[in-house]
There are 2 protein chains.
Amino acid sequence: MTSPASGTAQFSEIDLPPSPPVSWHAILGGSPAPARADAIKVACSSCNLRELCLPVGLSDSDLGQIENLVGLRRTVRRGEALFRVGDPFTSLYAVRTGFFKTRVSTEDGRDQVTGFQMGGELLGLDGISHDRHSCDAIALEDSNVCQIPYPRLQEILREMTDLQHQFHKIMSREIVRDHGVMLLLGSMRAEARVAAFLLNLTQRLHARGFSGTSVVLRMTREEIGSYLGLQLETVSRTFSRLQEDGLLEVKQREVRVVDRAGLQRLLNEVPC
Amino acid sequence: MTSPASGTAQFSEIDLPPSPPVSWHAILGGSPAPARADAIKVACSSCNLRELCLPVGLSDSDLGQIENLVGLRRTVRRGEALFRVGDPFTSLYAVRTGFFKTRVSTEDGRDQVTGFQMGGELLGLDGISHDRHSCDAIALEDSNVCQIPYPRLQEILREMTDLQHQFHKIMSREIVRDHGVMLLLGSMRAEARVAAFLLNLTQRLHARGFSGTSVVLRMTREEIGSYLGLQLETVSRTFSRLQEDGLLEVKQREVRVVDRAGLQRLLNEVPC
DNA sequence: CGTTTGCTTGACAGCATTCAACGTTGGTGG
DNA sequence: CCACCAACGTTGAATGCTGTCAAGCAAACG
């Protein structure tokens, strides 16, 4: 195990010191005009997510070069899709503000949430394999992404060694994350799944300057259940039980982690 | 859905016309001297897995250049590890002959099989993210791999556009595959999981020139169960039930798919 | 040929699903 | 301002799938 957060080693994401707070609701509050927002080009070097995003660890000179890699920004309203299964793959997207879910589905309608993405995380990696997207990416709140045209990225990776390595790392990390989810889905009971989910979510939020104990969930019980391989009723019941046990405080979508160590302990339970 | 094999679209691997048969047991039968085998350098251009491996789709001239990318071959005996959690990451490995499993584990001993790898498939992608491997890769039979030093790969990717794209595709495909497994683990019942597993396995074997209906399983019921999120008893019982229903013929590790369409139908079942 | 490992099958229990009813919240329009 | 509605969340009761424990069998190995 290489990660200090032992219990969630397989499940952990980005492991960085907290960066300057991001105004999560900046774009929500003002209900901005999409057209205008899209016209603004943002420099990576002045983006407060640069320590969590693609250009992590790049030198200042490299950072300058990367500016023209990132295309326009794009606004996605809550409930809308950034891309859908079957859409031609052209670009990757870095989340600037907001919150997404990705999901795959069978032709008969069942679907599985494969991840939740927040600021600094990359969307669209699935599309490279077949030149078409193989999952849907849906905004769970009004969101804003940086569009990274893939052909342009390929060019730049050839010139910038550090960025090439960084990009490979991001793809590799996604694979490792997926393995962690497989472990969760394959061998944990409901309580442990929910605990792992909350620990992971709060950790990632903490890395972005948020509280680390209090969350306002952006997704429904059904979406959590789909991600964790549980029914929405089971998720609700599990929240209630963890609250009774004094590990959480739950009020609808507001969740406060009271006993982080206690949740951690649940992950190591023997069954199922 | 882009794949013709609709039911297993999320779960399918490589989708190529069958290539020339590979002598699966060539190395098993003769019990070769490992030292000698390792000394042999194999040219990708003369490898019968080239249409399923990293250099897929490369021009002949590119193929020539890739030769010196691949380092020595390495023999891994049945039960031994190609790499383990925590090992420093130096290389990727392409399976030449044999069969592997990869697994992640929690500190308290539980583990989860994350995949089974056969000829032409890449191992070690997990290691890029943290410069250490995050899973174990165990040979399920005496196996032989081509070692691809990662620093060397990085160099060559910068020179060969096609190979760069190909490598990204392979990583992306792994992500898509993992999403398929998550769908399976999150929303399918035991019968459907086993059906999906067998359909996937036989399809991949078929793409390598094997029967497509008959398999000799290289893994135990416990390993199948770990992969599918089931207990070994459930796997065994499910095999028996599918046999009663006339979909399979099972005799220990020999499995014959009798009714492929019937198995396919199981995947689309409504619950659980 | 005995031992070990892996596979099968049965009985039973338990956790999660299913079905159902009710409560809460937020938005809309009268 | 309030009523109403729709979406979401909570809780209860009952069913059932899968896990657990146990025994017996088959195959592989030395």
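## Polar contacts with DNA strand D

In this predicted model, a polar side-chain atom of A:Arg221 sits 2.8 Å from a phosphate oxygen of DNA strand D. A second phosphate oxygen contact on DNA strand D involves the backbone: a polar backbone atom of B:Ala190 is 2.7 Å from a phosphate oxygen of the strand. A base is also contacted, with a polar side-chain atom of A:Arg237 lying 2.9 Å from a base nitrogen of DNA strand D. Two elements give two or more residues to the surface near this strand, namely helix 8 (232-244) of chain A and helix 8 (232-244) of chain B.

## The surface near DNA strand D

There are 19 residues around DNA strand D, and those that come nearest are A:Arg221, A:Ser240, B:Ala190, B:Thr234 and B:Arg237. Helix 8 of chain A supplies the largest share of this surface, with 5 residues. By class, the surface near DNA strand D is made of 7 charged, 7 polar and 5 nonpolar residues.

On the DNA side, 64% of the atoms of strand D within 4 Å of the protein are sugar or phosphate atoms, and the rest belong to bases.

## Polar contacts with DNA strand C

For DNA strand C, both chains place polar side-chain atoms by phosphate oxygens: A:Gln231 at 3.1 Å and B:Arg253 at 3.2 Å. A base nitrogen of DNA strand C lies 2.9 Å from a polar side-chain atom of B:Arg237. The elements that give two or more residues to the surface near DNA strand C are helix 8 of chain A and helix 8 of chain B.

## The surface near DNA strand C

DNA strand C is surrounded by 19 residues, of which A:Ala190, A:Thr234, A:Arg237, B:Arg221 and B:Ser240 come nearest. Of the strand C atoms that come within 4 Å of the protein, 62% belong to sugar and phosphate.

The largest share of the surface near DNA strand C comes from helix 8 of chain B, which gives 5 residues. The residues of this surface divide into 7 charged, 7 polar and 5 nonpolar.

## The two strands side by side

Arg237 of each chain makes a base contact: A:Arg237 reaches a base nitrogen of DNA strand D, and B:Arg237 reaches a base nitrogen of DNA strand C. Helix 8 of chain A gives the largest share of the surface near DNA strand D, while helix 8 of chain B gives the largest share near DNA strand C.

Note on methods. Residues numbered from 1 in each chain as written. Chains lettered and ligands numbered in written order. Predicted model: local features only at pLDDT ≥ 70, side-chain atom pairs only at ≥ 80, totals over all residues. Heavy atoms only, no water. Near = heavy atom within 4 Å. Polar contact = N/O pair within 3.5 Å; in protein donor to acceptor, adjacent residues only side chain to side chain. Helix = DSSP H or I, 4+ residues; strand = E, 2+ residues; numbered from the N terminus. Nonpolar A, V, L, I, M, F, W, Y, C, P; charged D, E, K, R; others polar.
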